[in-house]
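Thank you all for coming; I would like to walk you through a structure that may be new to most of you. Please have the sequence and the view ready, and stop me if I go too fast.

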Amino acid sequence: MNFMNWMRRGRSLIQALFGKDKLDARMDDEMRSHIEMQTQEHIEAGMKPEEARYAALRQFGWVESIRDICRDQRGAGGFETLRQDVRYGARMLLKNPSFTLIAVLTLALAIGANTAIFTVVNALLLRPLPVRNPEQLVQLITSSGPSQMNYDFSYQDYQQLLDGSRTLAGLFCAMGVNSSSRLTVSSQSAGESDFARGQGVSGNFFQVLGVSAALGRTLAPTDDLDGSPQPVAVISHDFWQRRFAGDATIIGKNVDFEGVPFTIIGVMPPSFFGFQPGENPELWWPLQMIPQIDRDPSGRRLKAGYDSFRLMGRLGPGAATPQAEAELQIVFQRSQNQAGHVENGSAAQLPKLQLRSGQAGWSNLRRQLIQPLIILTAAVGVVLLIACANVASLLLARGVARAREFSVRSALGATRRRLVRQSLTEIFLLTSLGGIMGLLLAQGGTRLLLAFIQVQSNAISFKIAPDAPVLLFTSGLCLLTSFLLGAVPAMRSSTVDVASSLKSSAGTLAGNASSNRWLQSMVVAQVAFSLVLLVGAGLFIRTLQNLVGDTASKWKNVVQFSPDSRERPSAAKMKALIKEITARLETSSGVNAASFYLFGVLSENRITQKVLPEGYPQGPNEDVRCKGVWAGPRLFETLGIEVIQGRVFTAQDELAAGVTNSAARRVAVVNQSLARRYFGNGDPLGKRFYIQDQPEKKFEIVGLVRDEKYASLREDPPPTFYVPFLQEPRGGPISFVFRTGGDPRPSMAGLRQLVGQIDPSLNVKNVKTMHEVVNANVRQERIVAQGGGFFSIFALALACLGLYGVLSFAVAQRTREIAVRVALGAQNRNVLSLLLGEGVKLVLVGLSIGLAGVGIASRFLSSLLYGVSGTDPVTIVSVSMLLLLVALLASWLPARRATKVDPMVALRDQ
Amino acid sequence: MPKEKTDLLQGTLDMLILKALQLGPMHGFGISVLIRQMSKEVLQVEQGSLYPALYRLEDQGWIESEWGVSDNNRKAKFYKLTPTGRKQLVDERSNWERLSAAINSVLKTA
């Protein structure tokens, strides 16, 4: 019964909304028929037809008001007025196209910027993985200090944790995504191979994540058995499309991956991208295949001491994170003790295992990007506020111009509520339009932002099509903006004085004090916000310059690359190759010096060793770790590292010193930090040191070089020692560097050929100028500096537009007053100074408020700056000058217009 | 006080309309005539109250409407009771009787 009721009501509501005219007509018919019947009755009672009709009509009362009451009773009253408001609002907006365009554009840009940043933040930090119950996932990390996070474990750790845990329903282990793994599809010719992003994972990877394949099957634990792994692989949807053109017969196809034959057994669905947002692995293989892939039968990487695995787990039913963390911590410590990692017997110094939420996946990008993204989010938030202030001033100005209209409507019986609702509807229309445009703009904006934060060769690719959270965010932003702007008409409605506004002549409500004050405070607010943004951006730009500063000039024309070979050469062959490549590089045209070394500059990987000079009394808790660089000859010359004392390596030093042969001295070169730590201001030359685990191998210091920043541009250079590589070869990835006299690009182009001449199976990868390497290293700062710079310029433009608009409006309003002044004898310059003075006053007030804001903000920012303080006077003063100048210009134009006022015309016009 | 009076009257008018329709489907004009007659010319329902009441009753689902032809061969909108309307009439009637009995007993005392 109740349901029927609702059905009927729903139907009549829809009728009321859409069939309004028809219903009205029907009502008219009904009234008419009533009147006719009434008339008939009167006639039968003896009245004349004319009189009868009049009597009937009179009795019927005012038809219109009955109609309205009936309409209200019909139950669609609210919608009726809404429809009216929307239609009227749209018409008004169309009548002032320039106002509408400016307002919508301003809002669109501000909302679009906010949405773009939110999209990236959402994809990187917030969005849950497209797996089953992502809230149960946890990420395992270790920390040996408040800012010392380590994300990597050894395979031994993994096995111990897997066996020892009861609280986890599953734990998987994965290697990093290697973007330079070679993949050859067997059916193609040997020359056509390609790089694929491969990731070695444990057999239970897909099970723990809770995803199944779209085609074929996923890896299973049986594929990853210790000692007998299956050479099977699963590929991603995108890879399937890109490389195999969506071949339907893909299952069972054989490929050659890193020289090992694999069979493809499954394709993942399009939404799956692994467990690391931002990394898009294309192929997953069982990590027990490491011995084959590495061409290393001992499977070194699966043994203790190699921390190259990332761990993620799923909480078991009913298990809570603290519980699991406590249990895993115990298991982990036990495993560390067994592996002999105990240092100085103190358990307190062992790294602690911690669990983080894995709902949004595993990321160490997050750690790097979270700060710059937060700063940019704050910046665009401020931009939105400025944009709102701008649009609010526009609305205020228009409201003043429309005061007459409001007065008339008010006199005709519109309640104040209705008038306010009308204004709010218009505002809502504006913000909705702005929001939709902003959403469209955000597509491009997101792409731009991602281009900023490119990680070297990995493309961070997210799905940037707007999904639910982004749309919700944009809608929420529109609503918020509407509220902010809606304050304006609500305020104004209290000052509509019907009588006086009707009396005064068209549009000149000169000196409507309240709205003037509002307009002025809008401008002041805009100036203040712009100042804060500009100063912030300026500080970050200087930070960036300081960081990159001299390294840029020192490493101009230096190029770094790594060798890439399909087969893994033996140690002896490697040595020969290195010598040959270096020799060829040195003799190739344009190259001044060439060398090589383990790992790379500004790379996160570096060798750390404990170094003890002969006879050095080590304090109980003293940190004696130093960085070690295994280098080729001429490294210092190539990289431009200044030799302060002594010499560099020579060819003699490179004779390999076997354990028994102590005839060839082991030599080393140290940097200033190391010398300072162990020898104070004394001379380090001639002193000897050894590496803690091997006291019999002593190195003699033959040279002292200037400190050089390797790992990070921010940190102070750590104590570093340099050892000739060829004297003491060591496993690890080699990087070659060379310095050219002029433009390095021709040499870079010829690299492939050069290397191919030595050995046809050799190739090069990761060819970069040091400039690119440095840029990648200062990515965070670069993002904030460039992004902040862009937004603050935009804010400045908005503020100036606002100032210009307000002053123009003031001029228009005060035309009469100015005319009178001119008539009374004011010169051009008086008028100019009057108006300019007002503009300048506003800007100065804004600047002082802004300076206070800068003071507050700098407290938060100072940790991110480098080489410049949060209240750096140079930056602040120069930015303030800039703002003042631009504001002066914005004020001057309308002031100039004021001087063109012809008093006779102006006075007559009123 | 005046507000209460209107409310009472509104509810009472609804009840009278429902009662009028109990005798069969009727158009708006006919309902006002019927009520006038049944009340011996005491209650004259104004169109300004009648039609809003009719729309309200229809919205509540106690009556439903249909276009038809009147005895003078004129097009008119006829209303008739729905089953829920019938029940509503019974309820309102018993309420009214209870209410008026109570008022009477108050007036009789003192």
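I will talk about one strand, then one helix, then two single residues and a surface patch.

Before anything else, please keep in mind that what you are looking at is a predicted model.

Let me begin with strand 14 of chain A, which is mostly covered, since seven of its nine residues are buried. Strand 14 of chain A pairs in the antiparallel sense with strand 4 of chain A over seven bridges, and within that pairing you can find A:Gly170 standing opposite A:Arg314. Strand 1 of chain A also pairs with strand 14 in the antiparallel sense, here over three bridges, and A:Val138 has A:Gly313 of strand 14 as its bridge partner. Strand 3 of chain A pairs with strand 14 as well, again antiparallel and over two bridges, with A:Phe153 opposite A:Phe309 of strand 14.

From there we can turn to helix 11 of chain A, residues 321–338, whose 18 residues reach 25 Å from the first C-alpha to the last, close to the 26 Å expected. Which residues of helix 11 are buried? They are A:Ala324, A:Glu327, A:Leu328, A:Gln329, A:Val331, A:Phe332, A:Ser335 and A:Gln336. The cover over these buried residues includes strands 1, 3, 4, 14 and 15 of chain A, together with helix 7.

Now to two single residues, and the first is A:Ile265, which lies in strand 12 of chain A, residues 260–267. Why does A:Ile265 count as buried? It does so because its relative accessibility is 12%, and the cut-off for buried is under 20%. Leaving aside residues up to four places away in sequence, A:Ile265 touches ten residues, among them A:Leu215, A:Thr218, A:Val232 and A:Ile251. The C-alpha atoms of A:Ile265 and A:Ala213 are separated by 9.5 Å, although the two residues are 52 residues apart along the chain.

The other residue is A:Asn122 in helix 6 of chain A, which at 4% relative accessibility is likewise buried. With the same neighbours in sequence set aside, A:Asn122 touches A:Arg127, A:Asp467, A:Pro469 and A:Val470.

Finally, on the surface, A:Leu105, A:Leu109, A:Met437 and A:Leu441 make a nonpolar patch of about 310 Å², and the elements that give two or more residues to this patch are helix 6 and helix 14 of chain A. A:Leu441, which is found in helix 14, is partly exposed, with a relative accessible area of 40%.

Terms used: Residues numbered from 1 in each chain as written. Chains lettered and ligands numbered in written order. Predicted model: local features only at pLDDT ≥ 70, side-chain atom pairs only at ≥ 80, totals over all residues. Heavy atoms only, no water. Helix = DSSP H or I, 4+ residues; strand = E, 2+ residues; numbered from the N terminus. Expected span 1.5 Å × (residues − 1). Buried < 20%, exposed > 50% of the residue type's maximum accessible area, 1.4 Å probe, protein only. Contact = heavy atoms within 4.5 Å. Patch = residues over 30% accessible without salt bridge, like charges linked within 9 Å, V, L, I, M, F, W, Y side chains within 5 Å. Areas by Shrake-Rupley, 256 points an atom, 1.4 Å probe, with all protein chains shown as cover. Salt bridge = Lys/Arg side-chain N within 4 Å of Asp/Glu carboxyl O. Pairing = 2+ DSSP bridges.
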